[in-house]
Amino acid sequence: MDSSNNNLSNIGFTQDFGEFTDRDFHALSKFIYNEFGIQLPDKKKFLLKSRLIKRLKILGIPKYSDYVNYVLESGQKGSEEVIEMIDVVSTNKTDFFRENAHFDFLIDKVVPDFMGRGIKSPKVWSAGCSSGEEVYTICMVLEEEVRLNRLRDYQVYGSDISVSILKKAVKAIYPFSRAEQIPDRYRKRYLLKSKGDGKQEVRIVKTLRDKTRFMWLNLMDNQYVLSKNFDIIFCRNTLIYFDRETQRKVVTNMLEHLKPGGYLFIGHSESLLNQNIPNLKQIKPTIYLKLK
Ligand SMILES: C[S@@+](CC[C@H](N)C(=O)[O-])C[C@H]1O[C@@H](n2cnc3c(N)ncnc32)[C@H](O)[C@@H]1O
């Protein structure tokens, strides 16, 4: 970017990044779909345009069309800017104890089933974990089961394509207001409150943080660098961004990492209906069992 542009933004003029043409939008959305499975229909054009401003400013790229060329020419999905771009493009909405019925099912059905089958230290994967709320919710629930001697231990892995969101997950520090979703009994035991500096924040206790691993993983990859011995997979509110064919591919790949007799949870607004995925039995509308 030339210095005159910099000066303009310094004294408060809004910089004009040129037109984000339909051609730019379609080229970029096609790339994002091919590499990450995320669909961006035409109505998302304005949203994409506004989210990308941040990247253009940081890189000092004066025009949308130059940015689009820069990303497309960098080609490889691992390239630095593609990772940065996907950070601003992905939707990371999440919550503690989101779709709570799944956690009741975990306590009431899954743990007793595991106890009966001698699975004492289940391994759980949250695929599309966002900033970690889902991972720590699972930890709180399973830690209670350990306290009750119904389990011996557990591990929870979280994966996502957004690097900045994964950093938040590792830090495990959240605004106090977000913790309101957490039932009292868990809040008292598993949250640390910030001391005095005016910021109303909470942090997940180390005992739970130590049970977690976070990693960057693109669900669109043909193979995942991940062990194949998970007892439970949560993939909630992530499949919804994929079309049916991609959903089928992703679920089939994920199942490679789930042990027979393991459980798959999907989001309440998602469905695998008529997908005919082998060895998968629906036991509740959004809960599946991998057959032996
Ligand atoms: C809406 S959040 C859902 C978070 C959490 N599972 C929940 O239900 O609250 C969806 C997450 O999926 C991630 N995601 C989208 N496409 C992905 C892909 N191709 N591979 C891995 N993660 C992806 C996004 O970055 C985002 O953090």
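The exercises below work through a predicted model, each with a solution in steps.

**Exercise 1. The domain interface**

Task: Describe how domain 1 and domain 2 meet, and state which residues and elements of domain 1 supply the contact.

Solution. Begin with the division of the chain, in which domain 1 covers residues 3-89 and domain 2 covers residues 101-290. The C-alpha centres of these two domains are 32 Å apart, and the contact draws 11 residues from domain 1 and 12 residues from domain 2.

Next, take the area: about 1,000 Å² is buried between domain 1 and domain 2, with 52% of it on carbon and sulfur atoms. On the side of domain 1, Phe36, Gln39 and Asp87 account for 42% of the area buried against domain 2, more than any other three residues.

Then consider the polar pairs. The rule finds 0 salt bridges across the interface of domain 1 and domain 2, while 7 residue pairs are in polar contact between the two domains. The elements giving two or more residues to the side of domain 1 that touches domain 2 are α2 and α5, and the largest share, 4 residues, comes from α2. By residue class, this side of domain 1 comprises 5 nonpolar, 3 polar and 3 charged residues.

**Exercise 2. The surroundings of α5**

Task: Determine how many residues of α5 are buried and which elements they pack against.

Solution. Of the 10 residues in α5, 8 are buried, so that the helix is mostly covered under a cut-off of 20% relative accessible area. These are Glu81, Val82, Ile83, Met85, Ile86, Asp87, Val88 and Val89. Their packing partners are α2 (22-36), α3 (45-59), α4 (64-74), α8 and β6 (212-216). Among the buried residues, Asp87 is also one of the three that lead the area domain 1 buries against domain 2.

**Exercise 3. Salt bridges between distant parts of the chain**

Task: For the pairs Glu134 with Arg236, Arg189 with Glu144 and Lys211 with Asp153, locate each partner and decide whether it is buried or partly exposed.

Solution. The whole structure holds 16 salt bridges. In the pair of Glu134 and Arg236, the closest N and O atoms are 2.8 Å apart; Glu134 belongs to helix α7 (residues 133-147) and Arg236 to the loop between β7 (230-235) and α11 (244-255), 102 residues apart. Glu134 is buried because its relative accessibility is 5%, and Arg236 is buried because its value is 3%.

The side chains of Arg189 and Glu144 also form a salt bridge, at 2.8 Å from N to O. Because Arg189 is in helix α9 (residues 184-190) and Glu144 in helix α7, this pair ties together parts 45 residues apart in sequence. Arg189 is partly exposed at 39%, whereas Glu144 is buried at 12%.

For Lys211 and Asp153, the N to O distance is 2.7 Å. Lys211 sits in the loop between α10 (206-209) and β6, and Asp153 in the loop between α7 and β2 (155-160), 58 residues apart. Lys211, at 21% relative accessible area, is partly exposed, as is Asp153 at 30%.

**Exercise 4. Positive phi outside glycine**

Task: Locate Glu99 and Ala172, and state whether each is buried or exposed.

Solution. Glu99, which is not a glycine, has a positive phi near 50° and lies in the loop between α5 (80-89) and α6 (101-116); its relative accessible area of 18% makes Glu99 buried. Ala172 has a positive phi of about 60° and lies in the loop between α8 (163-171) and β3 (173-175); Ala172 is buried, at 0% relative accessibility.

Methods
Residues are numbered from 1 along each chain as its sequence is written. This is a predicted model: local features need pLDDT of at least 70, side-chain atom pairs count only at pLDDT 80 or more; totals for chains, interfaces and linings use all residues. Side-chain values use heavy atoms; hydrogens and water are left out. Buried means under 20% relative accessible area, exposed over 50%, partly exposed in between (1.4 Å probe, protein chains only). Contact means heavy atoms within 4.5 Å. Domain bounds come from an automatic or database domain assignment. Buried area is the accessible area (1.4 Å probe) that two parts lose on being put together, summed over both. A salt bridge is a side-chain nitrogen of Lys or Arg within 4 Å of a carboxyl oxygen of Asp or Glu. A polar contact is a pair of N or O atoms within 3.5 Å; within protein, one must be able to donate a hydrogen and the other to accept it, and residues adjacent in sequence count only if both atoms are side-chain atoms. Ala, Val, Leu, Ile, Met, Phe, Trp, Tyr, Cys and Pro count as nonpolar, Asp, Glu, Lys and Arg as charged, and the others, Gly among them, as polar.
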